[in-house]
Amino acid sequence: MAGSLRSDIWCMAFVRRHNDQGNMCVVARRGDPIAGQVFIEVDHLDGTRSLFTPAPMVSRGDSAALMFQRRFNRVEPDLVRQRIARETEFDPDLWVISLDLRGDDPGIDIVKNPGLS
């Protein structure tokens, strides 16, 4: 994790940035403050949700940016809730950020991952 921000600091900065932009954003679940994985649940305010999860290890040089993959794109909310519940059973140290966003750009680095819904 050398070169990366602590999870708690990254999450608080993400939440603050979105709230400053007028998007409702909260930490829905706190995980390990130093190295907890971060999941971002996006409510598109149209009855659909997307889920972004940590991407497999991707080299970013000296960057402290986290990389994400789009696990679900505009699906039924229950699919996202079920996935988060399964993940928290497996990894109780993960963080969940909940973001209300009408658009599709949560302002994170996303790796291309074709084959996921």
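Q: A residue is buried when its relative accessible area is under 20%, exposed when over 50%, and partly exposed in between. Which of these words fits F14, and why?
A: In this predicted model, F14 has a relative accessibility of 2%. That value is under 20%, so F14 counts as buried.

Q: What makes W10 buried?
A: The same cut-off works here: the relative accessible area of W10 is 12%, which is under 20%, so W10 is buried. W10 and F14 both sit in helix 1, four residues apart, or about one turn of the helix.

Q: Why is the pair of rings in W10 and F14 called stacked?
A: Two values decide this. The ring centres are 5.2 Å apart, which is within 6.5 Å, so the rings count as a pair. The planes meet at 15°, under 30 degrees, and therefore the pair is stacked.

Q: And why is the pair of W10 and F68 called tilted?
A: Here the centres are 5.6 Å apart, again within 6.5 Å, so the rings pair. Their planes stand at 40°, which is neither under 30 nor over 60 degrees, so the pair is tilted. W10 in helix 1 and F68 in strand 4 are 58 residues apart, so this pair links distant parts of the chain. F68 is buried, because its relative accessible area of 1% is under 20%.

Q: What links W10, F14 and F68 into a cluster?
A: Ring pairs do. The structure holds two aromatic pairs, and W10 takes part in the stacked pair with F14 as well as in the tilted pair with F68.

Q: Which residues touch the most other members of the largest nonpolar core?
A: This core has 15 residues, and W10, F14, V38, I40, F68, I97 and I108 touch the most other members. Helix 1, strand 2 and strand 5 each supply at least two residues, with the largest share, four residues, coming from helix 1. For one close-up, look at I40: leaving out residues up to four places away in sequence, I40 touches W10, F14, S50, L51, F52, F68, I97 and I108. A second, separate core of eight residues includes F39, F72, V80 and I84. In soluble globular proteins, nonpolar side chains tend to be buried together.

Q: How do you know whether T53 is buried or exposed?
A: T53, found in strand 3, has a relative accessible area of 3%, under the 20% limit, so T53 is buried. Setting aside residues up to four places away in sequence, T53 touches V38, F39, M67, F68, Q69 and R71.

Q: What makes R49 and E41 a salt bridge?
A: The closest N and O atoms of R49 and E41 are 2.8 Å apart. The limit is 4 Å, so this pair qualifies as a salt bridge. Both partners are buried, because R49 has a relative accessible area of 18% and E41 one of 9%, each under 20%.

Q: Why do D43 and R49 meet in a salt bridge too?
A: Their N to O distance is 3.6 Å, which is within 4 Å, so D43 and R49 also count. D43 and R49 are both buried. With these contacts, E41, D43 and R49 are linked in a network of salt bridges. The count of salt bridges comes to eight.

Q: Where are the partners of the salt bridge between R74 and D46, and are they buried or exposed?
A: The closest N and O atoms of R74 and D46 are 2.8 Å apart. R74 is in strand 4 and D46 in the loop between strand 2 and strand 3, 28 residues apart, so the pair links distant parts of the chain. R74 has 28% relative accessibility and D46 has 48%. Both values lie between 20% and 50%, so R74 and D46 are partly exposed.

Q: What is notable about phi in L45 and R74?
A: Most residues other than glycine have a negative phi. L45, in the loop between strand 2 and strand 3, has a positive phi near 65°. R74 has a positive phi of about 50° although it is not a glycine. L45 is partly exposed, because its relative accessible area of 38% falls between 20% and 50%.

Terms used:
Residues numbered from 1 in each chain as written. Predicted model: local features only at pLDDT ≥ 70, side-chain atom pairs only at ≥ 80, totals over all residues. Heavy atoms only, no water. Salt bridge = Lys/Arg side-chain N within 4 Å of Asp/Glu carboxyl O. Buried < 20%, exposed > 50% of the residue type's maximum accessible area, 1.4 Å probe, protein only. Contact = heavy atoms within 4.5 Å. Core = buried A, V, L, I, M, F, W, Y, C linked by side-chain atoms within 4.5 Å. Phe/Tyr/Trp six-rings, centres within 6.5 Å; stacked < 30°, edge-to-face > 60°.
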